[in-house]
Amino acid sequence: MQRVVTLKPFSLITPTASIAVDTHGGRAKCLQRLLRLGLPVPDTVALSFETVRRIAAGNLPDMQAVLNACGDRPLVSVRPSSMDPDWGGPRAVLNVGMTEERHAALSGSHGELAATTLYLRFIQSYAVHVARLDPDMFDLPEVPTRAEIERMLRTFREETDEDFPQDPAVQLGEVLRSIARAWEGTTSRLLRQAKGAPADAGLGLVVQEMALGLGPAESGSGVVQFVDGSTGERRVEGRYLRQGQGRDAVLGSPGAARIACDPNGQSLEDLCPDILRQLVEHGHTCRKSLREEMQIEFTIESSRLRILDAVRVARNSRAALRIAVSLANDGIVSPDEAVLRIDPRALTELLHPQVSVDAPRDVVARGIAASPGAATGRIVFSSTAAQASAAGGEACILVRRETAPEDIRGMHAAAGVLTERGGQTSHAAVIARGIGLPCIVGTSGIKIRQRQGSLVLEDGRRFSEGDLITLDGATGEVLAGAVDMVGPTLDDSFKTLLGWADEARDMGIRANADTPAEARVASRFEAQGIGLCRTEHMFYEDDRLTVMREMIFAKSSEDRQATLDQLLPMQRADFVELFEIMQGKPVCIRLFDPPLHEFLPSAREDQRALAESLDLPIAEVTSRVEQLSEFNPMLGMRGVRLGVTVPEIYDMQARAIFEATIAASHSGAPVVPEVMIPLVSARREVEIVKTRIDAVAAAVRVETGENLDYRLGVMVETPRACLRAHEIAAHSAFLSFGTNDLTQMTYGLSRDDAGRFMSDYVNQGVFLEDPFHILDVDGVGELLVLGATRGRQTSPGITLSVCGEHGGNVESIEFCRDAGFDYVSCSPFRVPVARLAAAHLALRRRKVT
């Protein structure tokens, strides 16, 4: 039978009192820890979650007993104490117990000005936050006077038909009831749920003896911390307000002095050097014993220091990383704990420029934040214009209804991409994430008028080509003009933390990289190789595109081969550079995948230009375009189907790979390339392509007199390939699951069109998440597990991986690890996130076991 523990209605916080975060909240527990460390904390009473629930229901504990626990006729403050400080809570109420009698007594001991100030502040706070009266009627005067006290008391009486309470126990009871009921209210519940709190989260309260911060001798209130919350650098900073009270008053007052020496005015160090020395010692004690950087709230009363509270220093992602590494380097936490303290998703902010949090934001449109980072540039509406802008050294934002493969060069030239249509896995989103380009897609409320060269907003505003805009890829907001930016942070702390992560993780992380530039990013982020190199992206350069089109119009196999012979040295040079950049790490090259029609123009004027460049009649060009067009290109003549029916393309690519392997091995580490066949559905497809590739490899060995090794595998993108994985695995060294196409084919849904209705589906609960953004573990995931299991039944040592966009998603990495996959491959800028996420999973599993 489970033991039921009955808690006291309230407990005086002592070093040995029964105080816990899950019964009294984080603030109460922190105050107990401060007491255990010997810090000068005023007497404090903690009320449990259960007590606060009873108070909200109208059942008050003995208020006089609570006051007595805080001293002889004390003034007290009441502060919330939730399990997680990030959940927030009702605001604190200070100076509870201030009455006419206490005003008279304090006038004698602290002076009339101090006593009147305290009384006015309490009347205002009680009237506004407890009695819920109009704040405008209780504005504090610039000069506190007895007449102002009378005015406020009279106003309170007129508004409530009651005298202001003069019994401290009554005051405290009403304050506690007000705070308890506010926490139970709908608004507070929704706000904390938005921050991750459960709907029934409890609230504790702490009632603390006031250290007044007012008086004839040196008195005041302040906050101090010993690390910069923006950079993570260690330094003393904070504010001190003489004759002041409360954290909000300190941080919000223009008259507050700095803590450390300030050339622009007096500081606490000038006024009370001994007090600052004590604070530094307390900060060091907190850091070492609480294993955290803390912000300390303090009060000085007649030159005596009191510590009211300590909270974790607020910090951004870059500061959090530096703080975690610093704590580990100083032996306060272990490297593993430092790794676990950093949310993998937070690394995204460090890899790209970001809009400064202080920057003014003129938001003109909102869309889907498809690729992180921020960029400012002048609007252009075509890839040609983007390339021209880049050639002139001017940053630009490429604005399109949606992007297509022919826009890749323009995307590489642009500083950012904005599209009217699309979703998280649309063409623009996938390419932008791969090259680290800020991108916003599915932007509601904009209309692109390309012929007029303008962008029209819902509110009627119009932006023309050449106008300056800023994209915030973190929020999906489009901003007018240029705004202040914060640069990326890839310092020693970043490298150190990821080094610790690599020591902890037990899963491989590779990068999807199609170009030498992307491979360099992958290498800089210490990817363990390239898990997906999409070779078709290499054919969109001007010189190659022309040759590619000549190949498409070739009338015989001989003519086609002659044209491909022109592409061979270009492909070989690409692969040599990739191999040299990766320095012996594995490079998995996917053979040609897209349908051929993607390389032909669709516009009539572009077809005429192509006819002129190939010296062909326009009718022949349009006829060929029509022949290659397909009702559903995603399911048409692409991938391995091209390799079987137009084998010369794969033959050329295989030769380029093998010749590049030999060349790169001469100048650097030995290379063992991985050749991947896309869109396989049947064993026989693999057999046919493998036979030809093996023949090419044999020919290159004979021609060069060099030995070479390679691994041949399959990109599993169709449901049938998952179902027949046991047959396919017999001819494969690896199976790499392409979850982008596998999701499309499992759902029968185009990822480029899904953005038009996906938000409605998610909002109505049809899908829990966008399956192109978060892996569908129930459907697509089951196919992954089935394919992996059947593949290993045939070939126990076969390498299994995921190389779709899901490979960089934290939740998807967890699924892949649990399913026994060897590695995931993601866009280069998501590699650090994946490395840290994999480390988190390994460390947490170790804790469980």
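Good morning. I begin with an open sheet of five strands, whose order is 1-2-5-3-4 and whose pairing is antiparallel. The model in which we see this sheet is a predicted one. At the edges stand strand 1, residues 10-12, and strand 4, residues 93-96; each has a single partner strand, so one side of each lacks a neighbour in the sheet. From one strand to the next, the twist averages 25°.

Within this sheet, let me turn to strands 3 and 5. Strand 3 covers residues 76-82 and strand 5 covers residues 203-209; the two run antiparallel and are joined by seven bridges. To place one of these contacts by residue, P80 has L205 in strand 5 as its bridge partner. As a general reminder, the strands of a sheet pair through backbone hydrogen bonds, in either a parallel or an antiparallel manner.

A further open sheet has three strands, in the order 17-18-19, and here too the pairing is antiparallel. Which strands stand at its edges? They are strand 17, at 446-449, and strand 19, at 462-464; each has a single partner strand, so each is left with one side that has no neighbour in the sheet. The twist in this sheet averages 20° from one strand to the next. Strand 17 is joined to strand 18, residues 454-457, by four bridges, and these strands run antiparallel. I446 has L457 as its bridge partner in strand 18.

I now move to the helices. Helix 22, residues 557-582, and helix 26, residues 647-667, have axes that come within 7 Å and cross at roughly 35°. The crossing of helix 22 and helix 26 is right-handed. Sorted by class, the residues in the contact of helix 22 with helix 26 are 13 nonpolar, six polar and six charged.

The next topic is aromatic contacts. How many aromatic pairs does a search of the whole structure find? The search finds 12. One of the pairs is formed by Y126 and F156; this pair is tilted, at 6.2 Å centre to centre and with 50° between the planes. Y126 belongs to helix 6, residues 112-129, and F156 to helix 7, residues 146-160, so the pair ties together parts that lie 30 residues apart in sequence. Are these two residues buried or exposed? Both Y126 and F156 are buried. They also belong to a cluster, in which ring pairs link F122, Y126, F156 and F164.

A second example is the pair of F737 and F821, which is edge-to-face, with 5.4 Å centre to centre and 70° between the planes. F737 lies in strand 28, residues 734-737, whereas F821 lies in the loop between helix 34 (810-818) and strand 30 (823-826); the pair therefore ties together parts that are 84 residues apart in sequence. Why do both count as buried? The cut-off is under 20% relative accessible area. F737 has a relative accessible area of 0%, and is therefore buried. F821, at 5% relative accessibility, counts as buried as well.

Finally, there are charges placed over rings. R192 lies over the face of W183, and its distance from the ring centre is 4.0 Å. In R524, the charged end sits over the ring of F525, at 5.0 Å from the centre of that ring.

That concludes the presentation; thank you for your attention.

Technical notes. Residues numbered from 1 in each chain as written. Predicted model: local features only at pLDDT ≥ 70, side-chain atom pairs only at ≥ 80, totals over all residues. Heavy atoms only, no water. Axes fitted to C-alpha atoms, helices over the stretch in contact; angles between N-to-C directions. Left-handed = near helix turned anticlockwise from the far one by under 90°. Nonpolar A, V, L, I, M, F, W, Y, C, P; charged D, E, K, R; others polar. Phe/Tyr/Trp six-rings, centres within 6.5 Å; stacked < 30°, edge-to-face > 60°. Buried < 20%, exposed > 50% of the residue type's maximum accessible area, 1.4 Å probe, protein only. Lys NZ or Arg CZ within 6 Å of the ring centre and 35° of its normal. Pairing = 2+ DSSP bridges.
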